[in-house]
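This briefing accompanies a protein model and is arranged by topic. Please read it alongside the sequence and the coordinates shown below.

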Amino acid sequence: MGKSRKIEDPSCSECGQLNCYRHDKQYPSFCATEAASPALVEDTRRTYAGDGLDGTLARAAAEVEGRYYGRISRCEEIVAFAHRIAARRIGIATCFGLIEETRLFAKILRLAGLDPVTVLCKVGSVDKEAIGIADETKIRPGTFEAACNPILQARTLNAAKTDLNVIVGLCVGHDALFTRHSDAPVTTLITKDRLTGHNPAVALYTLHSYSKRILDPERMRDL
Ligand code: SF4
């Protein structure tokens, strides 16, 4: 276990004040709010208050948060958000391993009067070796094993002219690629974490007990 070192470049994760939220404490010396240019703050404020898509998304997100705080699940929050941004066609970029959850979610969206369209991560069915992944790195070496194709997932949903896309359990990195190539705004229903039943916060909640291996710097630098 390594000794904790002084952080030379602190940022919000090292702030004990969080004063930007309610103005009930002090700003620290390294505060991102104090460092931000007033013109930039004003530019973002104007964007959120404006008539464009960014403003619509920002106000809908805040309204869902405030109105339903702690009272509805993320499934329901996505429906409430979709209604508020007038999204009807909802793209679902799903992982193969979460297809049953996706079937349920699509059913819920239909019940809510929305129009889901799903694209599985294996769309295009390109073998992993064809993108330069060695056979021995496959989950089952010696077999056909399709690579995830998040760019094709995004392009298929772009062609379907979805209004909002929802990630259901894409892998770390595949989600980044999907988001980069999606035309529609992207939100997440399920964040994949195979070890914790898709609840990555569990690793943080158990950092000093079941997950303490994560605090071993040698091991972590070697991952
Ligand atoms: S913006 Fe300033 S007050 Fe807010 S969390 Fe960051 S450092 Fe703390």
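Which residues are linked in a network of salt bridges? In this predicted model, the network links Asp-127, Glu-129, Asp-135 and Lys-138. The structure holds 10 salt bridges, and three of the pairs are described below, together with helix H6 and the buried residue Lys-192.

**The salt-bridge network**

- Within the network, Asp-127 pairs with Lys-138, and their closest N and O atoms are 3.1 Å apart.
- Both Asp-127 and Lys-138 lie in the loop between E2 and helix H7 (150-159), so this salt bridge ties together parts that are 11 residues apart in sequence.
- Asp-127 is buried, its relative accessible area being 15%.
- Lys-138 is buried as well, with a relative accessible area of 4%.

**Two further salt bridges**

- Arg-88 forms a salt bridge with Asp-115, with 3.9 Å between the closest N and O atoms.
- Because Arg-88 lies in the loop between H5 and E1 while Asp-115 belongs to strand E2, the pair ties together parts that are 27 residues apart in sequence.
- Arg-88 counts as partly exposed, at 49% relative accessibility, and Asp-115 is also partly exposed, with a relative accessible area of 25%.
- Glu-42 forms a salt bridge with Arg-45, where the closest N and O atoms are 2.8 Å apart.
- Glu-42 and Arg-45 both sit in helix H3 (residues 38-49), with a separation of 3 residues, about one turn of the helix.
- In an α-helix there are 3.6 residues a turn, so residues three or four places apart point the same way.
- Glu-42 counts as partly exposed at 29% relative accessibility, and Arg-45 counts as partly exposed at 44%.

**Helix H6: length and two sides**

- Helix H6 comprises 13 residues (residues 99-111), which at 1.5 Å a residue should span 18 Å; the end C-alpha atoms are 18 Å apart, in agreement with that expectation.
- The buried residues of H6 include Thr-102, Phe-105, Ala-106 and Leu-109.
- These buried residues cover an arc of only 105° around the axis, which means that they are on the same side of H6.
- On the other side of H6, the residues Arg-103, Leu-104, Lys-107 and Leu-111 are exposed.
- Among the elements covering the buried residues of H6 are helix H5 (74-84) and the strands E1 (89-94), E2 (115-120), E3 (164-168) and E4 (186-190).
- Gly-113, which follows H6, has a positive phi, near 85°.

**Lys-192: a buried charge without a salt bridge**

- Lys-192 is located in the loop between E4 and helix H9 (201-205).
- Where is the nearest side chain of opposite charge to Lys-192? That side chain belongs to Asp-175 and is 9.5 Å away; Lys-192 is buried yet has no salt bridge.
- The side chain of Lys-192 does reach the backbone oxygen of Gly-169, at 3.3 Å.
- Leaving aside residues up to four places away in sequence, Lys-192 touches Cys-95, Leu-98, Gly-169, Leu-170, Cys-171 and His-198.
- Gly-169 is thus named both as the residue whose backbone oxygen the Lys-192 side chain reaches and as one of the residues that Lys-192 touches.

Definitions and conventions
Residues numbered from 1 in each chain as written. Predicted model: local features only at pLDDT ≥ 70, side-chain atom pairs only at ≥ 80, totals over all residues. Heavy atoms only, no water. Helix = DSSP H or I, 4+ residues; strand = E, 2+ residues; numbered from the N terminus. Expected span 1.5 Å × (residues − 1). Buried < 20%, exposed > 50% of the residue type's maximum accessible area, 1.4 Å probe, protein only. Arc of directions from axis to C-beta. Contact = heavy atoms within 4.5 Å. Lys, Arg positive; Asp, Glu negative; His and termini not counted. Salt bridge = Lys/Arg side-chain N within 4 Å of Asp/Glu carboxyl O. Polar contact = N/O pair within 3.5 Å; in protein donor to acceptor, adjacent residues only side chain to side chain.
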